[in-house]
Every structure is written in structure tokens, then in C-alpha cells.
Amino acid sequence: MPGVDPRLSRTLQVRDHSGEQRRWHLLDSGPLLAERGITPRGTLLAVHGNPTYSFLFRSLVRADIPWRLIAVDQLEMGWSERTGLKRRYQDRITDLSLLTDALSLRGPVVTVGHDWGGLISAGWALDNRHDVIGMILTNTGVHQKLEEALPKALQLATAPWFRTPSTSVTDTFLRTTLALSKPALPREVQDAYLAPYRGRTRRLGIDQFVADIPAAEHHPSRPTLERVAAGIQELKVPTLFAWGPKDITFNDRFLRDLIQRVPHADVHRFEKASHLVWEDADVAGLVAEWLETTFGTAEEPRTEAPAWRAVSSYAEAAPERHIGAPIAELAGDPRHAHRPAVVELGGEDGETREISWSLLNRRVDDIAAGLLGHGVRPGDRVSLLITPGADLTGVLYACFRIGAVAVVADAGLGLPGLTRATIGSHPDWFIGIKKALVGARALGWPGRRLSVEQLPTVDRVALGVETSIAELARSGSLQRELGAPLDAAWPSPDADAAILFTSGSTGPAKGAVLTHRQLGAMFAAVGDTLDLAPERGLVAGFATFALLGPALGAPTVVPDMDITRPGELTAPALAAAIDALGEPAVFTAPAALRNILGTADQLDENGRAAMARAASFFSAGAPIPAHLLRELRDLMPNARALTPYGMTEILAVAAIDLEGIEAAGEGAGVCVGRPVPRVEIAIAVMDELGRTTGEVTTEPGATGEILVRGPHVRDRYLMLWRTTHTSMRFTGWHATGDVGHLDAEGRLWVEGRADHVLATADGLFTPVQVEDAAETVPTVRRAGAAVVGPRGTQQVVVILETEDGYRPGKAGRPHPAEPSLQEAVRRAVRERSGVEVVAVFTTRALPTDIRHNSKIDRAALSRWSEQTLQGEKADAL
């Protein structure tokens, strides 16, 4: 067993449920801890499933887990005895209890289970609950509804004609399980899993495990399954679910069932992991953090719940207001009732449509009443895939009104990201346009389906659609006309309101969960920062921003554009949207700025006049260089050029206008201004390798990770316990993952991502320092900084987009820059930042996040550079 200290391995004879003495093999770290003088906090009782054994849990023996590990090989499995008996589910629970009795195992115990071991460990926990203080389950299922089919992989595995030939006659079942991991497991690890199962007689236990899956009503193990599935709902102990969502057997359907049974559980999904999540991800690291956070150490046991998520309490509270209340207020105000709230441009007939505040308010109430009548309840998650406009606005604010949790994963994430976000959010309902419903059906997205428009019967049946929002609105309207009031109290301020997905620029998109209190505070922060009002509408060049308008009492329009490519917004499209609202505030994604400037020559006289009427212009999602704002001033001479800094987790954090940027002058990074009302900013100091220390400062000039707190910081990340915990590791602060510093005037300067800090032999440098210097070279459109080599001695590589080679959305394989350009970039970076550049390449377009088209994927640049400079064949960016 590679990676396993031989001293962990032991065997003992124990009476089993049949009364016979049986030989068990297990890994026991107790003697090892005693050798090291460590008093264990308790015991981790780890139970494997099929077709693995105790080797699966070897990673739990580590210095930061001061717990005794007992990882068993179940009888007929691993290196334990082959008895020839057929063991049922209840037999295995009984056998495990007899073993722990023989070991004199007493509490505190945290059970750890995987696959079938999850069911068995849960059954043991119920029978020994006086010793159990916690439970950890990984890729398992504790129930299978009779009316639901087994996952296709299990249907095949349990087929009589396939089961025995694949499980015991050959080792196909075992090898297939090992092959689920991507990338492939190391050969020595695969060999270790195969070793106890050489020969048919040693694989009979694998066959028996599969045969004991109690999917049918009269299966002998069905009563035990029902008992355990019901029982864990009463097992009120701290619980952790760690999951690999790419599992073809215990998929997210089983995770949803577990969460319903144990709603207090902490959950972390390792997005890229499969069935053998212990091999595919750092589950042991997660367990170490969770054990310490939940139970403390043996020397300092925890006696109260951890307060690491308490952020809002450290900041000034925001004004309390129900989300959507401005809609009803403006609808009741004669001055605004019949003025536009939502403007839709370029419909199928090319006509512009205006929806008044009065109509929008009535529509929201009608849809809310219809949703309630159809069975949508407070707390239900409702995934929305609707084109920005009146339909999306009406459905979204109806959800807010009745307390349903809106899942907002926009098409800007791309199909793979959208699929991950939709499936991973476990929605109860899915409401979408027809195109989205077709995708939901084809890709197996969860949730009962509702369409926006009324569909023909044949389409409804084919897509599994129950009804439409149009029909629900008519039903709700009829109820209210008959005198039935909207039967729903306003949600509690601390109830979940929305799940908003990040751009996915630094990994898979994360779902940020905000309560009604936090979301209301976010709307207030944005409204205060941007000075939005009913008299000043909002042109949302980034479609998701259109959702803010109604909450701020601001008329809203989305330009005629592809919402999945915000960087391709043109000047004529923006001008038409401005013209629809008169003198609005304009918001775009940062990537759109260059394209707007590049298409300005397409404006006619009316278009130029409309652009000149814009009252303010702002952009967020990535820092905006001052020179771009200056160029935009020629297009929008009367607009206040404002660039707020924020993120999905807390919007906004800081803001600055062009005059403020010019007053700040040159500096390391991009100046994003002072904190907006009710927000505080601090810096987590970094060491020489770019790692954050425990020191938090507000002193000017200190560079490190940017920390923020305010009443509108998200509550948590959805089913990402570890990510949430890591981001809140500084008590009372949210760690943004960005790096920067505060200046003497209290202004924040952003210098890139903390993970992208360049740890060179000459010291720490931030990527923005290098990129800003490179972009001063004529013909350089945009630059990306990459590094090669180990931290502390990293070498810097710069990859460029040039004006003559740029092709939007067309990344490719970089090539060495022309010698004269290489020298110019090296000189500019050396003079402005003190960094020596070892190589300069050019490419058609730098890789960026799909939503904003702005955040450079520096990790991808570094991977490419490392491969290329080592002489390996590198993939196209």
C-alpha cells in the first residue's frame, strides 16, 4: 500500500453476526499518535464502499488531523477474511458494531463513509449514537426511491447477465471504477487497489455488494435502508458532505436527498472530482479544516459555534427595505405610475416596448400569486434562464416577493459553466425560454419545468413543461380580481434571497448566496454609488445588471447585443439604448469599452447626440485604465466617468471618477477610489513567497490581499464550505482574492489576483505592475503577465495582444514577438516596475473569463509559458 506507514496495518479476530470468529484488517493510527506523544481529539471511524478498501482513507493520517484513524476492511473485502457468507446490509452494520466493541471504541467518534460505506457508517452511527459527535459522508446515497430508476451505471452493474462476469469472474467492475478518475490514477495506486482482489474467490465480496443494492420493494435489505434513511434525520450532530459531482453512480440526485434529510450539514462539492473523490480531490485537507473549525483541538475543544462567517456585524447596517418595494411605491405614485420601468429594444417585430411601473407591479403580484397557487413555496430554489427584459424582471421580483430563492446563472457563463451552475444549485424549479428548456431537457438539468411563454401542447409534453408563466399570471390575476389577496408574508430579512454566480475567471463559477438583508444592502450600496433614481434610467450593457434597476427604482434597458459576448457591444447599439431613456446612467462590461471606441465611427448624427446625453458612465468587473475613460469622454462629454470596484460577493466596494483617477496620478496598479458607504477595506500582509500572513493592516503602502467587510457581503458560497471558510479566515473580513494596497489618502489600488502575484528572486511584484508597463509600448493592445519556475525564484514572461493581430474571441497559440517589440517591452517593464522579463510572446487574443471578457486568465498563460520554455508542446490558449 504505497503511502501507508506499515505500522498502521493490523489484524484481529472478532466474532461476527453469525457467531464465528473472523479476521479483520484495518488501519489504526492510534499507536503512531502515541509514539508522537499526541493525545487524540477523538476517533475517525472510516468505512469504505465497493470495490475499495481501507487504502482509500490513507490521506487522513496527517499532522493537522490529531484524531485516531480506524479505517476498516469490511469482511469479504480488502485484506480481511473471505468467509464465504452472503452478507446483507444489516449484517455489515452488526459486524462493524461487534468490531468496534472488540476495539473498546468509545466516543467521541466521527464516522467517515464512502459509497456503500456511507450507508453502513450511518447505520453504525444510529446504533451507537451515544458515542457519535459527527458524521462525514462522501459520494454515497442513503436512500433510493422505489419510483426512481437506479443510475444507468448501477442498472448495468446489477443486471444478472452482467453482474457476476464483471464483478467476480473478471475484475472489470474494479478497473472501471478506478478509471472514473481523471486524470488517471498513478499506476502504483491502481495496483494497490487491485492487489487484494487478485483471483475470482477474492472478488466474491464485490459481487455480493452489488447484489445487495436494495432498489426493489421486497429486497431483503430494503427495511434496513428505510430505517437508516429515516433515522439520520434525527441524528443531530455536525455533518459534512464532500462530493465529486462527476460521479456516474452516486450523482447529485443523492446529494440533494442527503441535504433534505440533514439540512444542517456543511457541504463542499469538488467540481472536477468523480466517484473516488478521495483520490480526485484534497478531501483530507477539507476534513482537517472542518474538524478543527467544528470541534477544535484536544487541548482547546470548541464549546460554541464558530463565528468566522460573521461579517455584517462588523460594519454599519444598511437601511432595511423589502426587495422590490420601490416597484410598488412608484406604481402608486401618480408622477411615475405610467412612466417606463423596463424598455425592451429590438423584439421579433423590431418594435420597442415600454412596461410602466404600474404594469410591472401588477405583473409581479400576478406571477407571485400564480407561483404560489402552482406549489412554489418560500425557500424553494428557482433557476431562471430568461432573456433580460420584462419577463425576467417580473419572474425575479415575484420570487423575491414570495420568498423563493432565485438562482441567477446567466448565459454569459457559457454552456459548460451554465450546466455546472444549474445542476450544482439543486433547483426545485426551472423557468426558462423555450431554447433554455430544450437545453434543460437534453442535458438533464434538475427542477420542475415552467416556460415563460405558453407553448403548444406537443412542445410542453416533449419538454416536460408543467405550465407557463403567462398562464400562472392569468391565474394569479383572476384570483386577485375575485378579491383573494396575495397570500404571502414578506420574507424574513435573514432568509436566502438569491444565488448569484461569479464569472468563473479563477475556476468554476461559484454560487454566492445572499439573504434578503444582504441583497437589499447591495442594492442600496449600488444606488448610493451610482446615484440612480426614477428620473435617471440605467442602460445595462452587462445584462445581469438589468436586474438591479427595479430594486433601485430606475427604468432599465438592455442594448441590442449578444448577452453572452458583452465585449462586442457596439457604439450604435449603445446609442440606441441611451436614446430610449433620455439621459441615463450607462453600464458596460470593461471589455466593451475598446469595442465601443472602435465602432464610434459608425454613429450617425442622432447616435452621437444620444451618446452626448448620457449623464454618467461606469464599468465594473475589472479595473479600467484612465486612458480608456479619457477616450470615452470624447463620445460622452457630459457623462461623469465612474469606475466602481466590486464583485459578485459584494457589489460595490469602492468607486472613483475620472477626476479622482487623474488626481491620484501614476502608481502601482489601478486606483479604484475610496470605500463606498458602509464598507471598510483592509490589507492582509504577504510574506516573501506571496502567501498571506495573519497580519491585517490599513497602513498605506502595504501590499497584500484585499479584505472587505460590509452589510452586503454574501452569506456563503453554495455547497462550497471550504471556499467559504477560506474566504473568511480573517475574522470579520471577506478575503477577495485580489491583491492591492491603500495609499495615504485612503484610496484602494488594485494590482491583480493574489494567486497571480509574481514571487521572483528580486521580490514580490503584482501582475498589473508588469502589464501596465508593457501596455505603454505603442502597438500593444493588452498584456498578460505569466511566471515560470518555483515561487521565490520565478521568472516573468509577458504575452501581448497587438493592435494589428487582435481578433476578438479568437485566442490561439502565441509566438515569439519580433525582436524590436521584445526589446521595447523588456525596457518598458524594467524601467517602470524593476522586473526583468525573460520572454515576450504575441497572440491573437489573451484568454479571458467568458462573462466579462476582461479578466485575463494568467494561470493559463503561466501553464503555457512553463510548457513552452521547457520545450514541451503546449496547447493553444
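Helices here are DSSP runs of H or I with at least four residues, numbered from the N terminus. The model is predicted.

**Exercise 1. Place Ala284 in the fold, state whether Ala284 is buried or exposed, and list what Ala284 touches.**

Step 1. Ala284 belongs to helix α12, which covers residues 283-295.

Step 2. Buried means a relative accessible area under 20%. Ala284 has 3% relative accessibility and therefore counts as buried.

Step 3. With residues up to four places away in sequence left out, Ala284 touches Ser59, Leu60, Arg62, Ile65 and Trp278.

Step 4. As a distance check, the C-alpha atoms of Ala284 and Val770 are separated by 37 Å, with their positions 486 residues apart along the chain.

**Exercise 2. Determine how the radius of gyration of the protein compares with the globule rule, and describe the overall make-up.**

Step 1. The secondary structure of the protein consists of 29 helices and 36 strands. The radius of gyration is 29 Å, close to the 29 Å from the globule rule for 877 residues, so the protein is as compact as a globular protein of that length.

Step 2. Along the principal axes, the C-alpha atoms fill a box of roughly 95 × 75 × 50 Å.

Step 3. Buried residues make up 60% of the 877. The exposed surface is about 34,400 Å², and carbon and sulfur atoms supply 50% of that area.

Step 4. Among contacts with a separation of 6 or more, 69% are between residues 24 or more positions apart.

Step 5. The protein has 92 positive and 107 negative charges, and the mean positions of the two sets are 6 Å apart.

**Exercise 3. Classify the ring pair of Tyr397 and Phe400 and locate the pair in the fold.**

Step 1. A pair of aromatic rings is described by the distance of the centres and the angle of the planes.

Step 2. Ring centres must lie within 6.5 Å to pair, and planes over 60 degrees apart count as edge-to-face. For Tyr397 and Phe400 the centres are 5.3 Å apart and the planes stand at 90°, so the pair is edge-to-face.

Step 3. Both residues sit in helix α15 (residues 390-402), three residues apart, which is about one turn of the helix.

Step 4. An α-helix has 3.6 residues a turn, so residues three or four places apart point the same way.

Step 5. Tyr397 and Phe400 are both buried.

Step 6. The count of aromatic pairs comes to 15. Elsewhere, ring pairs join Tyr53, Phe55, Trp79 and Tyr193 into a cluster.

**Exercise 4. Describe the surroundings of Asp73 and state whether Asp73 is buried or exposed.**

Step 1. Asp73 is in strand β4, residues 68-73.

Step 2. The relative accessible area of Asp73 is 0%, so Asp73 is buried.

Step 3. Apart from residues up to four places away in sequence, Asp73 touches Trp24, His25, Leu26, His48, Tyr53, Ser54, Gly78, Trp79 and Ser80. Tyr53 and Trp79 also belong to the ring cluster of Exercise 3.

Step 4. Asp73 and Val770 are 697 residues apart along the chain, and their C-alpha atoms are separated by 55 Å.

**Exercise 5. Characterise Thr643 and the buried residues of helix α10 by their packing.**

Step 1. Thr643 is part of strand β22 (residues 640-647). With a relative accessible area of 3%, Thr643 is buried.

Step 2. Setting aside neighbours within four places in sequence, Thr643 is in contact with Ser619, Ile624, Leu629, Ala655, Ile656, Ile661 and Val672.

Step 3. In helix α10 (residues 252-261), the buried residues are Asp252, Phe254, Leu255, Asp257, Leu258 and Arg261.

Step 4. These buried residues of α10 pack against β6 (132-138), α9 (222-231), β7 (239-243), β8 (266-269) and α16 (414-424).

**Exercise 6. Identify where the backbone has cis peptide bonds at Pro108 and Pro183, and where Ser104 and Asp115 have positive phi.**

Step 1. Gly107 and Pro108 are joined by a cis peptide bond with omega about 0°. Pro108 lies in the loop between α2 (89-102) and β5 (109-114).

Step 2. Lys182 and Pro183 are likewise joined by a cis peptide bond, omega being about 0°. The loop between α6 (172-179) and α7 (187-194) holds Pro183.

Step 3. Ser104 is not a glycine, yet its phi is positive, about 55°. Ser104 is in the loop between α2 and β5.

Step 4. Asp115, also a residue other than glycine, has a positive phi near 55°. Asp115 is in the loop between β5 and α3 (116-127), and at 5% relative accessibility Asp115 counts as buried.

Conventions:
Residues numbered from 1 in each chain as written. Predicted model: local features only at pLDDT ≥ 70, side-chain atom pairs only at ≥ 80, totals over all residues. Heavy atoms only, no water. Helix = DSSP H or I, 4+ residues; strand = E, 2+ residues; numbered from the N terminus. Rg over C-alpha atoms; globule rule 2.2 N^0.38 Å. Buried < 20%, exposed > 50% of the residue type's maximum accessible area, 1.4 Å probe, protein only. Contact = heavy atoms within 4.5 Å. Areas by Shrake-Rupley, 256 points an atom, 1.4 Å probe, with all protein chains shown as cover. Lys, Arg positive; Asp, Glu negative; His and termini not counted. Charge placed at Lys NZ, Arg CZ, Asp CG, Glu CD. Phe/Tyr/Trp six-rings, centres within 6.5 Å; stacked < 30°, edge-to-face > 60°.
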